[in-house]
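Biologist: Before we discuss the packing of this chain, may I ask that each term be justified by its criterion?

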Amino acid sequence: TFELQKTQPQIRSRVAEVLGWDRRGAFRGAEFEQQPPEEEEDGAAAAAPRGHCYVTDELLKGHVQAGDRVLDRVLGEIPAFREPGSRGWRVLDAGYCMDLLRLVLATQVEREWSLDALDANEVHEALRSDTAAGDGEPAVYKEVVEAVLGRFGRRLDPHGPSPVYAIDSTRVAKYLAEQIFAAEDMRAWPVGEFLAALRATMPPQLHGDIVAAAGDGEKWGSAAIPTSVVRDLAYATTPLDPQLVHSGAGGASHRLTYVVPLFRSTLPSDPRARMQRLFDAKPRWSRLEIHPYLEDLVDVDHRALEAGDARTLEAVNKAIDAWLLKFGRGVKSPGGQMVYSSRLK
């Protein structure tokens, strides 16, 4: 049964730990690789020298219990890339990753490429000619370009001779949302304020997609979050504090809705422990709200789930329904949807 099904371990944090995911170990560009280690405040050299933080496949698989399919997905999400010469895997610095994406998009405008069909080899050649270092070393690695396109796009032909990607504005927005939440110490945001921050950081070519997807910020409540760009990064709450009543258009008053950061990637991999954490954070969840926080625990092809495959979605729904029945107590809301509270002690 799904109740007894072995779930995927929450391996992203484990993979990142093995890769030495920190500011000094992350790849920030070829020009930084030969620089001496930074000094700490006390004048001592930093413990982790740059350029020597790669991890071989053997070492990674020896420390992380996961199949190749899951590892590939997680390495792409982090993202990480295989260093030239197949020495091993390196994590891409978050700031560098976004800077390179913006450079790719600027080149796309200049060369009039389609965002729905970016050839990784062609992109790399363009960036290499535009940013040549002049000393024989490539300013941008081909492997890094592919990692960035894979992180923010979808490969159109996995078995084609040249990797071609379609940029996915939702993936870009989710990545930026995660950075926004982390930069502000995981504080709760009024919905309108958060959406304004997200729009301000989105690349110009993708801005319209997010505006259309977000809709009216004042109405972006619990029902919209599970299908939004922050579906597994935050949940919605409406505080009862009368000072937080907001006067909207036409003088109508309503309570401000907040988005509260809660990254799925930080939650336990055991279904019982996961649901306990979720109910600790928020005492009542609708099925729609809690679904994104549980679906990664089901052992299915998550690319198929993301693509909306009916059989995969059915398998995930059955597993989540079993966990809600076992660990939650459901009642029907006035609106007709099931709302769950904890039956865990």
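The exchange below concerns nonpolar cores, aromatic pairs and charges over rings.

Modeller: Please bear in mind that this is a predicted model.

Biologist: What makes the pair of Phe 27 and Phe 81 edge-to-face?

Modeller: The ring centres are 5.0 Å apart, and the cut-off for a pair is 6.5 Å. The planes meet at 65 degrees, whereas edge-to-face requires over 60; the pair is therefore edge-to-face. By this rule the count comes to nine aromatic pairs.

Biologist: Why is this pair said to tie together parts that are apart in sequence?

Modeller: Phe 27 belongs to the loop between α1 (11–19) and α2 (57–63), and Phe 81 to strand β1 (residues 80–82), so the pair links parts 54 residues apart in sequence. Both residues are buried, and together with Tyr 96 and Tyr 141 they form one aromatic cluster.

Biologist: Which residues have the most contacts inside the largest nonpolar core?

Modeller: They are Leu 92, Val 144, Phe 181 and Phe 194, in a core of 50 residues. Helix α4 (94–111) is among the elements that each supply at least two residues, and α4 gives the most, with eight. Apart from this core lies another, of 24 residues, including Tyr 293 and Leu 344.

Biologist: How do you know that the charged end of Arg 187 sits over the ring of Trp 189?

Modeller: The distance to the ring centre is 3.8 Å, and the limit is 6 Å, with a further condition of 35 degrees from the ring normal. Lys 282 likewise has its charged end over the ring of Trp 285, at 5.1 Å from the centre.

Notes:
Residues numbered from 1 in each chain as written. Predicted model: local features only at pLDDT ≥ 70, side-chain atom pairs only at ≥ 80, totals over all residues. Heavy atoms only, no water. Core = buried A, V, L, I, M, F, W, Y, C linked by side-chain atoms within 4.5 Å. Buried < 20%, exposed > 50% of the residue type's maximum accessible area, 1.4 Å probe, protein only. Helix = DSSP H or I, 4+ residues; strand = E, 2+ residues; numbered from the N terminus. Phe/Tyr/Trp six-rings, centres within 6.5 Å; stacked < 30°, edge-to-face > 60°.
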